[in-house]
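Subject: Handing over a structure

Hello,

Please take a look at the structure below. My notes on it follow.

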Amino acid sequence: GLCSLRVAGQGRSTPATCSPLCRCDEDGGADCSGKGLSTVPAGLSAFTYYLDLSMNNITELPANVFKNLPYLEELRLAGNDLVFIHPEALSGLYQLKVLMLQNNQLKTVPSAALKNLHALQSLRLDANHITVVPGDSFEGLQQLRHLWLDDNSLTEVPVGPLQHQGNLQALTLALNRITHIPDNAFANLSSLVVLHLHNNRIQEIGKNCFNGLDNLETLDLNFNNLKSFPEAIQTLPKLKELGFHSNNIAIIPEGAFHKNPLLRTVHLYDNPLSFVGRSAFQNLSDLHSLMLRGATLVQDFPSLTGTGNLESLTLTGTKIRAIPEDLCEDLSVLRTLDLSYNEIEELPSFQGCVSLQDVTVQHNRVQQIDRDTFQGLTSLRVLDLSRNQIKFIHRDAFLSLSALTNLDLSMNFLASVPTAGLNALNQLKLVGNPDMKNSLTAKSLPKLRSISVPYAYQCCAFMTCDSTHSSPESEEKRKDLGGDEEMERVPLVMHCSPSPGAFKPCAHLLGSWMIR
Amino acid sequence: HKRGSPVCPGGCLTCSVYNGCLTCLPKLFIHLERDGMRQIGVCLASCPKGFFGTRSPEKNDCSKCGSECDTCFDKNFCTRCRAGSYLHKGKCQESCPDELVSSDTKRECVPPCPV
């Protein structure tokens, strides 16, 4: 058992011998990997505790081939061409903890050979061609904690072989051909913490298929063919990481996660979502990221009460027209907010979302920005309001945005834009506001480096136009541009588009631009 | 080397002189080792210590374990801790729950020895 003392002299002493085909260290480790071996080399020290035979050409393990290595704790046979393991091949390895058989040619689990490995904790059988898991496969393995069966050819969950694995903590059955998960498939795996089932062909799962997984924290169902929301997760009280992205789920029901209060991440993108229950994401106080894309029929903004630790919220491609007034009462640590491609007409005040750094509301129907819409957002760096219907922005709307560097107001109905507060702005997009004809001044945008404007002549205020050279005459023209005496010269490291050129000179034709 | 074109190191499907393996033979993991400023691709049957393998139909990658793990099953589940912390249900902790004691040799929380 765990408290047995090691017999004197049995510990890791300088190995008496080493095979010439291997490199041995003084701790009892022997590395014979990648030597083109077709058999297990002889001449290894009896005290060898770690033996790496990976990436050789060993196709079979005969009986008793490791009988002289009673202290072996880790045996690596990955990347050989193993086809057959004799039932007595691993006999005598009573202290073996880690057995790596991945990347071989096994078609079944070598259950007879594994039978007496009572100390085994980690067993890798991934990347073989296993289609059959005999019922007694893991019977003798009472200490087994980590089992890899991914990247094989299993068509169903090996329910029988797993049923006695009360100590198993991590299991992957990913990249197989499993089509369904029956009820009570993992009933006795009370210690299981991690279960990977991604990249299978799972279409439906029993409502009770996860019964018994009282300690499960990570469940990965990504890249399957699930047609409906996996209600079975409601029997997983400790669930923290859940993934079912890239499936065929259309509906996230009301109260979808109400039995999973510890959830931190939910990956559900790349599903043809058409409806999301308004209460689906309530009371998930540990959730720090929520990404909902393309739920085309959703009209109500999901309630986030009790989900106050969100740092990132993405909700795009819906029919949502309004954002709850109290959205920011609960979301003081929200950093990124993406509400693009919805049908939002009005913005509430985001004042409570004091940690916001990045807000995208592009491609909606917003018509105006009020004084308090972005008030107090001193950490905001990027604000994208492009492709809306904004006619009016209150002159103090950007007053507190002292950290804003990127502002996109392109493709709206603006006639003017307030610049008070935009001292840190270095990129401003205004293209696509046909009513904005007035000339802009660089004076209130000291850090500006890049601007796109509706009309080329508006660029003249920001750069030395090509068609005028720095001459007394151009100074005269600069004044014509509505620049006054105190107008500072704008640094030339400036990108302005559409830039005035031969056909769109800064100098007005026949005395007035209006003739243009 | 076992398989792979004569120019490429073992396990490679494609490679370049400067960056080593670019793609691997099926089912092998590609891992980027640092060599000064360069990154050298190598193809492995199991990821090195401190990394775990993630298999997908297109590619098999090695990704870093959590900072406190020596070895791990995935980014959330350690299988062996660094010295000074103790493994319990996949987590490396500085102390063990009441009913267990910390074993420095195993770096795990283990049942106390019967008196």
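Start with two phenylalanines: A:Phe229 is buried, and A:Phe244 is buried too. Bear in mind that this is a predicted model. Why does A:Phe229 count as buried? Its relative accessibility is 6%, and buried means under 20%.

A:Phe229 also has ring partners. With A:Phe244 it makes an edge-to-face aromatic pair. The centres are 5.6 Å apart, and the planes meet at 85°. This pair links distant parts of the chain, 15 residues apart. A:Phe229 is in the loop between β14 and β15 of chain A. A:Phe244 is in the loop between β15 and β16 of chain A.

The second partner is A:Phe257. A:Phe229 and A:Phe257 are edge-to-face as well, at 5.4 Å centre to centre and 75° between the planes. Here the two residues are 28 apart in the chain. A:Phe257 sits in the loop between β16 and β17 of chain A. A:Phe257 counts as buried because its relative accessibility is 1%.

Together with A:Phe281, these three residues form one aromatic cluster. Over all chains, the structure holds ten aromatic pairs.

Now the nonpolar cores. In soluble globular proteins, nonpolar side chains tend to be buried together. The largest nonpolar core here has 138 residues. Which residues have the most contacts inside it? They are A:Phe186, A:Phe210 and A:Phe257. The elements that give two or more residues to this core are α1, β19 and β20 of chain A. Another core lies apart from it. That one has ten residues, including A:Ala78, B:Cys12, B:Cys24 and B:Leu28.

A:Phe210 is worth a click. Setting aside neighbours within four places in sequence, its contacts include A:Ile181, A:Phe186, A:Leu195 and A:Leu219.

Two arginines sit over rings. A:Arg124 lies over the face of A:Trp148, 5.0 Å from the ring centre. In chain B, the charged end of B:Arg38 is over the ring of B:Tyr18, at 4.7 Å from its centre.

Last, A:Val333. Find it in the loop between β20 and β21 of chain A. A:Val333 is partly exposed, because its relative accessible area is 31%. A:Val333 and A:Leu310 are 23 residues apart along the chain, yet 6.5 Å separates their C-alpha atoms. Leaving aside neighbours within four places in sequence, A:Val333 is in contact with A:Gly308, A:Asn309, A:Leu310, A:Glu311 and A:Ser355.

Best wishes

Definitions and conventions. Residues are numbered from 1 along each chain as its sequence is written. Chains are lettered from A and ligands numbered from 1 in the order in which they are written. This is a predicted model: local features need pLDDT of at least 70, side-chain atom pairs count only at pLDDT 80 or more; totals for chains, interfaces and linings use all residues. Side-chain values use heavy atoms; hydrogens and water are left out. Rings of Phe, Tyr and Trp (its six-membered ring) pair if their centres lie within 6.5 Å; planes under 30 degrees apart count as stacked, over 60 as edge-to-face and the rest as tilted. Helices (H or I, at least four residues) and strands (E, at least two) are DSSP runs, numbered from the N terminus. Buried means under 20% relative accessible area, exposed over 50%, partly exposed in between (1.4 Å probe, protein chains only). A charge sits over a ring if NZ of Lys or CZ of Arg is within 6 Å of the ring centre and within 35 degrees of the ring normal. A nonpolar core is a set of buried Ala, Val, Leu, Ile, Met, Phe, Trp, Tyr and Cys residues joined through side-chain atoms within 4.5 Å. Contact means heavy atoms within 4.5 Å.
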